[in-house]
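Let's take a friendly walk through this fold, with the sequence and the 3D view side by side. Please have both open as you read.

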Amino acid sequence: MHVDSLATNLIVIFIDTVNINLSLDRTFWLHIKISRQQKTSALPPCHSARKSQNPVLQFFSSFGASSQYDKEKLEFPCAFGYIVSMSWDAEKYERWFASPIGQNALYCERRLLEHMVAGWPRRGASLLEVGCGTGFFLESLWQMGFEITGLDLSPGMVKAARSRLGNKAEISVGNGECLPFLHNEFDYTVLWTVLEFCDDPGAMLREAARVSKHGILVGFLNRWSFYYLSHGNQTHKTLGRGHWYSWPKMKRMISVNTGKTPQNAHSVLVGPVSTWKKSFPYRLVSSRLIPPWTGAFTAARVDFRDQCPLTPIFAPSEAS
């Protein structure tokens, strides 16, 4: 069904708030609520560029809505083969990480995260996490010493992250494919399990590179893993609907969209889910840093310039 014909199915339009119920067929319904927010100055070029590329935003623009408005609720279950957003349940997300398997996965991913950012200076360094979810890893980054900012497309996730972090971070609803930040506004940007679930991962990588002075960190679900064999093909579940990447494909995508090749990459959780346990020797094996093409979760770091970790012991002297 062509987007042009959607206008014929329009039911209700409000001036300040647009509520649309469009009957696409007997199976799918599109429920979209777009609320106005104040326009920001110095928006990146992608705001105007993506407006012409995105058929849904083209449709709304004729009624005065634009990509500069905050999407409070945007659910679209693959209706014309174009995924606008996936539905995320913050409580379900938290429950999974509270389960025995989730706790072990969180421990291993945090250990990987700590290792990957070890080469980045922390003192006074600003860091943006795109797709911050409920703030598990954003909180870890704060504990590591970064000045953090979070962004997520899901209002429910943002609400949970704000509850977790309080005044430790500025967290807002936004689209990582068109970030509402200035060039080089942050020292670093982290994309942690978010490229798998976005519409245009290349655009998200380009935006992350645009707003970062010194580097970006990408964490992703590895297609070449036991975890993909057991969970990656379950299309009725959230993980199965995501796009899992192999290490060679992710490496190429990062290089093409940032102009830089990842200098450092590792993975964790090498075995099947049945081995994700706290007991010895399972945790030792699961948390071990291994080559990027092996484990269930892989991270790759891109440095835009040489970094010198600044700690009280290794801080360079004024004369050096």
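What follows looks at a sheet, the helices that lie on it, and one aspartate. Please keep in mind that this is a predicted model.

## The sheet

Start with the strands. An open sheet is built from 7 strands, in the order E6-E5-E4-E7-E8-E10-E9, and its pairing is mixed. Strand E6 (170–173) and strand E9 (264–268) are the edge strands, each pairing on one side only. On average, neighbouring strands of this sheet are turned by 15° against each other, direction ignored.

## The two edges

At one edge, E6 pairs with strand E5 (residues 147–152) in the parallel sense, over 4 bridges. If you would like a spot to click on, Asp152 has Val173 in E6 as its bridge partner.

At the other edge, E9 and strand E10 (residues 297–303) run antiparallel and are joined by 5 bridges. Here Ser267 stands opposite Thr298 in E10. Is E9 mostly covered or mostly open? Of its 5 residues, 4 are buried, so to speak of E9 as mostly covered is fair.

## Helices on the sheet

Two helices are worth finding next. Helix H5 (residues 136–143) lies across strand E4 (126–130), E5, E6 and strand E7 (186–192), and runs at about 170° to E5. Helix H6 (residues 155–165) lies across E5 and E6, running at about 170° to E6.

H6 also packs with helix H3 (residues 90–98): the angle is about 55° and the axes are 9 Å apart. That angle makes H3 oblique to H6. In this contact, Ala90, Tyr93 and Glu94 of H3 meet Gly156, Met157, Ala160 and Arg164 of H6. By type, the residues of the contact of H3 with H6 comprise 4 nonpolar, 1 polar and 2 charged.

## A closer look at Asp187

Now turn to Asp187, which sits in strand E7. Why does Asp187 count as buried? Its relative accessible area is 12%, and the cut-off for buried is under 20%.

Which residues does Asp187 touch, not counting those up to four places away in sequence? They are Gly124, Ala125, Ser126, Ser212, Lys213, His214 and Gly215. With one of these, Ser126, there is a polar contact: the side chain of Asp187 reaches the backbone nitrogen of Ser126 at 2.8 Å. Another of the residues touched, Ser212, is 25 residues from Asp187 along the chain, yet the C-alpha atoms of Asp187 and Ser212 are separated by 5.2 Å.

Key:
Residues are numbered from 1 along each chain as its sequence is written. This is a predicted model: local features need pLDDT of at least 70, side-chain atom pairs count only at pLDDT 80 or more; totals for chains, interfaces and linings use all residues. Side-chain values use heavy atoms; hydrogens and water are left out. Two strands pair if DSSP finds at least two bridges between them. Axes are lines fitted to C-alpha atoms, for helices over the stretch in contact, and angles run from 0 to 180 degrees between N-to-C directions. Contact means heavy atoms within 4.5 Å. Buried means under 20% relative accessible area, exposed over 50%, partly exposed in between (1.4 Å probe, protein chains only). A polar contact is a pair of N or O atoms within 3.5 Å; within protein, one must be able to donate a hydrogen and the other to accept it, and residues adjacent in sequence count only if both atoms are side-chain atoms. Angles under 35 degrees count as roughly parallel, over 145 as roughly antiparallel, 65 to 115 as roughly perpendicular and the rest as oblique. Ala, Val, Leu, Ile, Met, Phe, Trp, Tyr, Cys and Pro count as nonpolar, Asp, Glu, Lys and Arg as charged, and the others, Gly among them, as polar.
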